[in-house]
Amino acid sequence: MMVDQSIAGPVKGMTGTSEGDRSGRARIVILLLCLGLVTAVLLSLTSGASDASAVNVIGDWLFGTVPDDAALSARDSLIVYDIRLPRVILGMLVGAALAVSGAVMQGLFRNPLADPGLIGVSAGSSLGAVAVIVLGATVLAPVTAWVGTLALPLAAFCGGLATTLVLYQVATRRGQTSVATMLLAGIALAALAMALTGILIFMADDRQLRDLTFWQLGSLGGATWAKIASVGPIIVLALAAMPFLARGLNALALGEATAGHLGIPVQRLKYTAIIGVSAAVGASVAVSGGIGFVGIVVPHLLRLLIGPDNRYLLPASALLGASLLLLADAVARTIVAPAELPIGIVTAIAGAPFFLWILLRKRGVVDL
Amino acid sequence: MIEARDVSVAIAGKRIVTGVDFTARPGEVAAIVGPNGSGKTTFLKALSGELAYTGRVALNGRDLSAMKPAEIATQRAVLPQATTLSFPFTVREVVKLGLVGGHSGVLPGEDARLPERALERVDLDGFAGRFYQELSGGEQQRVQLARVLCQVWAPVLDGKPRYLFLDEPVSSLDIKHQLIIMNIARDFARRGGGVVAILHDLNLTAMFADRIFVMHRGRLAATGSPQDVLSDDLIEKVFDCRLRVGVLPAGNMPFVLPQSAA
């Protein structure tokens, strides 16, 4: 069992009379995170490889002020509306989905190291998505014809769901999850999913290969309104369902049996959480590939700030996840401009050392 | 009233509890005693709806197996032997989890102060802001009891008695806190609720139990009041230990009994 003792000493409440009550602090943090997200959105809309002025475009929308050169304004409008805005929205959706999925999985596995990327859920989703990309026009043609643009997110959802279910069965016995078993089973499942993905890649033609490589590294580059239309509703639905799990996940921190004693329908909670996480991760992987570490870094930072109460942790994770992914995307777009770095590389470079740092601090208690 | 008839429990094909009849009445403390591995905890888990069983259990006249977890939670609260937490919750946050079902039974608006009142009862006044994981085992156990008390704060709700299930509630406590916790249990029963407690200390059992259920190798070995049940013969048979009830130690060897508490 892992213990987080980073904040030493008693926790003072906001009013002094409610010692140990962090809900006031959590509300303030959530408010600040809202402001942070607005800032990140504006920053993302106004920066990019082109010199298009989002300020002019936004001013045009809001106040009808047309700048001197109407032709330039039309081009700016196109860049902001058709390129940057969908990318920002997709970034927010994916960032929120990954961070909240991480927080929910950690609650479900009762373990702060659970993360969709680390324990193979993303790999399972990738397998589903790659299967559709490579086999969509041949073997799976009847399926893809039937579900249309939803084929990719659906396949990613199924891959993620299968992995999560297997992982949960393997790693959890009588309501107790072993850290070692979870991580090792995750490695095994990820390896298996990647091997199967490898077979598919082996079968892919040159054009598919190029798509796949870039997609696997993770990128928000191909964001279009059509993609948002296909995965947006899934992510929004999954995110909207998660807050209803918050109280149950809090009780689950005491163990499955005790959560049941408190009146929580534990089985239903677990399966809702697994399906929600698979849907959110599957949809994210389908549009943006493997973007790692968001799900572990964001909830961990927030737990240090506002504590582990999921009623605040889940919305705060959504906000911080969205903001961080926009910032990571801004870095990815500008650091090697005019070329673009896959965002998965940015999140991994920042997230992997962070993960190691968590392990170092808690080495005694993880104890593999 | 809780009535169990011919309850048997098997885990992974192995019989742990066989044909136990058990009754817990409102207003009484029912103690379950017996050696390690005699099936006490397993039986309590069946009573609390955690383990599947054969036989019949009725909670206030209703078949337990037909009740939903949320409904059962309004009528009984369970204190497990030990609880580890997976995240750094404060003591107040842990105690407040007892209110998650929303049937503490106090007036609306008083819920907010309940964690403090519950902590005060278990002698943890001022601990609300501490981190649960930083506390000693005995303190953690009392925090969990405070949480359990919050869940069924009023011993009677809507005319129905409610129950405390306590699995070794004093196992890691010093003698002062053993007495405090047992007094909380007795007080809960006197105010109309019922208590089912697994105990190891036969003196505390004699002192606080209205009725004793002795378990031995998964079966019920004896039932009755402390006076009826606690005999030399029974203790030797069940605990495999030749002890004599009510005999002072020889010579000037000191002995301290909880019964002597003022």
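In strand 4 of chain B, B:Leu59 is the bridge partner of B:Ile2, where strands, like helices, are DSSP runs numbered from the N terminus (E and at least two residues for a strand, H or I and at least four residues for a helix). This is a predicted model, in which local features need pLDDT of at least 70 and side-chain atom pairs count only at pLDDT 80 or more, whereas totals for chains, interfaces and linings use all residues. Residues are numbered from 1 along each chain as its sequence is written, while chains are lettered from A and ligands numbered from 1 in the order in which they are written.

The bridge just named belongs to a set of five that join strand 1 (residues 2–11) of chain B to strand 4 (residues 54–59) of chain B, the two running antiparallel. Both strands take part in an open antiparallel sheet of four strands, ordered 2-1-4-5 in chain B, with pairing taken to require at least two DSSP bridges between two strands. At its edges are strand 2 (14–24) and strand 5 (62–63) of chain B, each of which pairs on one side only. Helix 1 (residues 40–47) of chain B lies across strand 1, strand 2 and strand 4 of chain B, and runs at about 120 degrees to strand 1 of chain B; such angles run from 0 to 180 degrees between N-to-C directions, with axes fitted as lines to C-alpha atoms, for helices over the stretch in contact.

Chain B also holds an open sheet of six strands with mixed pairing, in the order 6-9-10-3-11-12. Because strand 6 (76–79) and strand 12 (219–224) of chain B stand at the edges with a single partner strand each, one side of each has no neighbour in the sheet. Direction ignored, neighbouring strands of this sheet are turned by 15 degrees against each other on average. Strand 6 of chain B pairs in the parallel sense with strand 9 (residues 163–167) of chain B over four bridges, and B:Ala77 has B:Leu164 in strand 9 of chain B as its bridge partner. Helix 5 of chain B packs on the sheet, where it touches strand 6 and strand 9 of chain B, and its direction makes about 175 degrees with that of strand 6 of chain B. Helix 6 (residues 175–190) of chain B likewise packs on the sheet, touching strand 3 (29–33), strand 9 and strand 10 (194–198) of chain B, at about 150 degrees to the direction of strand 10 of chain B.

Helix 5 of chain B has a further role in the packing, since the cover over the buried residues of helix 4 of chain B includes helix 3 (91–96) and helix 5 (137–151) of chain B. The buried residues of helix 4 (residues 114–121) of chain B are B:Leu114, B:Pro115, B:Glu116, B:Ala118 and B:Leu119, a residue being buried if 20 or more other C-beta atoms, placed from the backbone, lie within 10 Å of its own, exposed if 12 or fewer do, and partly exposed in between. Just after this helix, B:Asp123 takes a positive phi of about 65 degrees.

For chain B as a whole, there are nine helices and twelve strands. Its radius of gyration is 19 Å, close to the 18 Å that the globule rule gives for 262 residues, so chain B is as compact as a globular protein of that length; the radius is taken over C-alpha atoms, and the rule is 2.2 Å times the number of residues to the power 0.38.

The largest nonpolar core has 184 residues, and those with the most contacts inside it are A:Ala97, A:Val100, A:Ala283, B:Ala185 and B:Val195; a nonpolar core is a set of buried Ala, Val, Leu, Ile, Met, Phe, Trp, Tyr and Cys residues joined through C-beta atoms within 7 Å. Helix 3 (residues 70–109) of chain A gives the most to this core, with 16 residues. Leaving aside neighbours within four places in sequence, B:Ala185 is in contact (C-beta atoms, placed from the backbone, within 7 Å) with residues including B:Val29, B:Leu164 and B:Phe208.

Chain A has 16 helices and two strands, and buried residues make up 50% of its 368 residues. A:Thr164, in helix 6 (residues 151–171) of chain A, is buried, with 26 other C-beta atoms within 10 Å. The mean pLDDT (the predictor's confidence in each residue, from 0 to 100) of chain A is 83, and 85% of its residues reach 70 or more. Over residues 1–8 of chain A, however, the pLDDT is below 50. Where pLDDT is low, the predicted coordinates should not be read in detail.

How values were computed:
Two residues are in contact if their C-beta atoms, placed from the backbone, lie within 7 Å.
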